[in-house]
Protein chains: 2
Amino acid sequence: MEQPDTRTKLLDVAEKLFAEKGIGATSLRNIIAEADVNLASIHYHFGSKEALVREVFARRIKPVNAERLQRLDKLEESGEQSAPELEELIRAFIEPAIRLKFEEPERMKFILRLISLLQSDGGELRELFTDLFEEVATRFLAALQKSLPHVSQAELFWRFKFMLGSMFMIMSHPPVHDVKFIETSELDPESILAQVIPFLVAGFEAPAAEN
Amino acid sequence: MEQPDTRTKLLDVAEKLFAEKGIGATSLRNIIAEADVNLASIHYHFGSKEALVREVFARRIKPVNAERLQRLDKLEESGEQSAPELEELIRAFIEPAIRLKFEEPERMKFILRLISLLQSDGGELRELFTDLFEEVATRFLAALQKSLPHVSQAELFWRFKFMLGSMFMIMSHPPVHDVKFIETSELDPESILAQVIPFLVAGFEAPAAEN
DNA sequence: GTCTATAGCCGGATAGAC
DNA sequence: GTCTATCCGGCTATAGAC
């Protein structure tokens with residue numbers, strides 16, 4: 001059994017604690033206690049708490065976004081002239097995150113909660129969110145526009161945001177202390193995809209508002 | 001010009017700073033500095049930081065949820081035997097929050113960002129979220145079920161969560177430091193409702209997944 | 001690369017005068 | 001109800017031995 005090095009252990013523990021307690025509420029001391037390493041090692045490996053936070057996110061998000069772009073590339077290649085199908089686009093965006101969440105729970109169970117936290121953050125974390133997602137958002141918005149030419153740019157923008165909202169709700173499910181007013185339902189990726197994809201396809205295809 | 005009392009001033013400033021910097025990152029000292037009151041006054045009026053946080057949320061959320069329930073009551077009365085229309089139900093849920101956000105921006109501009117923060121919180125704040133929303137969620141889920149008898153309970157639950165996700169995205173719009181990859185579009189409540197309602201109606205009515 | 005020790009600051013909370 | 005003064009613990013960061 002390979003022992004993770006200190007740097008990896010720090011990232012793992014930080015990720016877990018950030019997801020459980022929030023970033024601001026997690027101190028470096030909390031992290032080094034649970035990782036069973038020395039306080040100074042965080043500064044040695046990352047330089048500061050802020051740099052640690054950035055690395056916690058980047059380590060997980062970059063591969064997921066790379067997969068999204070790769071799938072988008074494939075869709076755009078194979079279609080060539082005709083625009084990719086809406087459902088395939090949505091799936092290319094949603095599925096990499098969902099599959100990771102449920103199929104590699106040990107690796108991903110914390111970070112996906114954290115991303116929705118990033119989104120609603122009002123502070124400096126927001127900038128990090130933009131850095132990490134700008135390319136994916138731009139490319140997918142353009143592809144969606146080609147598949148839905150009758151939807152105005154403003155509408156498409158909102159529908160894309162609503163899609164993000166649905167994804168964040170999935171990502172932060174189940175709540176750490178489970179919400180009482182709902183029954184926790186199926187948690188395998190297939191069921192969840194089967195729930196969210198038809199919902200989003202119907203939403204994207206909804207008739208335009210007559211503004 | 002009526003001067004707000006200390007208690008109100010504290011709630012206002014706390015709300016603003018929580019939304020801007022996050023709750024964990026906002027200290028009581030930040031708050032009393034901007035409110036220009038004494039440090040001890042927070043403990044005098046609220047007892048602790050945690051109690052202040054609870055009150056910041058409750059003050060804003062309770063009236064919105066009361067309005068939602070009132071509108072739901074009316075829909076259920078007037079329909080009597082037949083179930084209320086789906087679009088009306090969605091509107092009764094979404095509209096009170098949206099209208100407040102855009103029509104009373106001074107009063108509501110901070111708290112609505114905060115609520116989406118509550119939702120993605122993994123810690124004790126989650127409990128507060130449940131306390132504040134349990135009744136509304138239960139009542140609306142039941143009403144939606146009656147209007148959509150062919151949708152299974154599990155599906156309805158997810159679609160309800162997706163609706164919350166869309167609402168949170170609206171609430172946290174625009175991001176404090178605006179995201180670069182999107183153009184900020186229309187910000188009046190009518191346009192936004194005209195975007196979100198058709199999206200959600202279509203999503204709720206989407207054909208069931210063939211699991 | 002890892003550790004101890006500590007600097008120096010900021011946090012929430014409270015006692016007690018007014 | 002408001003204020004000052006203060007307790008005491010936790011925080012990030014760094015210096016310097018090994």
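These exercises work through the protein surface around two DNA strands in a predicted model.

Residues are numbered from 1 along each chain as its sequence is written, and chains are lettered from A and ligands numbered from 1 in the order in which they are written. In this predicted model local features need pLDDT of at least 70, side-chain atom pairs count only at pLDDT 80 or more, and totals for chains, interfaces and linings use all residues, while side-chain values use heavy atoms, with hydrogens and water left out.

**Exercise 1. Find the residues around DNA strand D and sort them by class.**

Step 1. Apply the cut-off: a residue is near a strand if one of its heavy atoms lies within 4 Å of it.
Step 2. Take chain A: S27(A), L28(A), R29(A), L39(A), H43(A), S48(A) and K49(A) are near strand D.
Step 3. Add chain B: T6(B), N38(B), A40(B), Y44(B) and H45(B) are near strand D too.
Step 4. Sort them: four are nonpolar, six polar and two charged. Here Ala, Val, Leu, Ile, Met, Phe, Trp, Tyr, Cys and Pro count as nonpolar, Asp, Glu, Lys and Arg as charged, and the others, Gly among them, as polar.

**Exercise 2. Locate polar contacts to the phosphates of DNA strand D, then name the elements that supply the surface.**

Step 1. Set the limit: a polar contact is a pair of N or O atoms within 3.5 Å.
Step 2. Start with side chains. An N or O atom of the H43(A) side chain is 2.9 Å from a phosphate oxygen. For the side chain of Y44(B), the distance is 3.2 Å.
Step 3. Check the backbone. A polar backbone atom of K49(A) lies 3.3 Å from a phosphate oxygen.
Step 4. Name the elements. Two or more residues come from each of α2 (28–35) and α3 (39–45) of chain A, and α3 (39–45) of chain B. Of these, α3(B) gives the most, with three residues. Helices are DSSP runs (H or I, at least four residues), numbered from the N terminus.

**Exercise 3. Which parts of DNA strand C do N38(A), R29(B) and H43(B) contact?**

Step 1. N38(A): a side-chain N or O atom is 3.2 Å from a phosphate oxygen.
Step 2. R29(B): a side-chain N or O atom is 2.7 Å from a base nitrogen.
Step 3. H43(B): a side-chain N or O atom is 2.9 Å from a phosphate oxygen.
Step 4. Assign the elements. α3 of chain A, with α2 (28–35) and α3 of chain B, each give two or more residues. The most come from α3(A), with three.

**Exercise 4. State the sugar or phosphate share of the atoms within 4 Å of the protein for each strand.**

Step 1. Strand D: 55% belong to sugar or phosphate, and the rest to bases.
Step 2. Strand C: 53% belong to sugar or phosphate, and the rest to bases.

Methods:
Polar contact = N/O pair within 3.5 Å; in protein donor to acceptor, adjacent residues only side chain to side chain.
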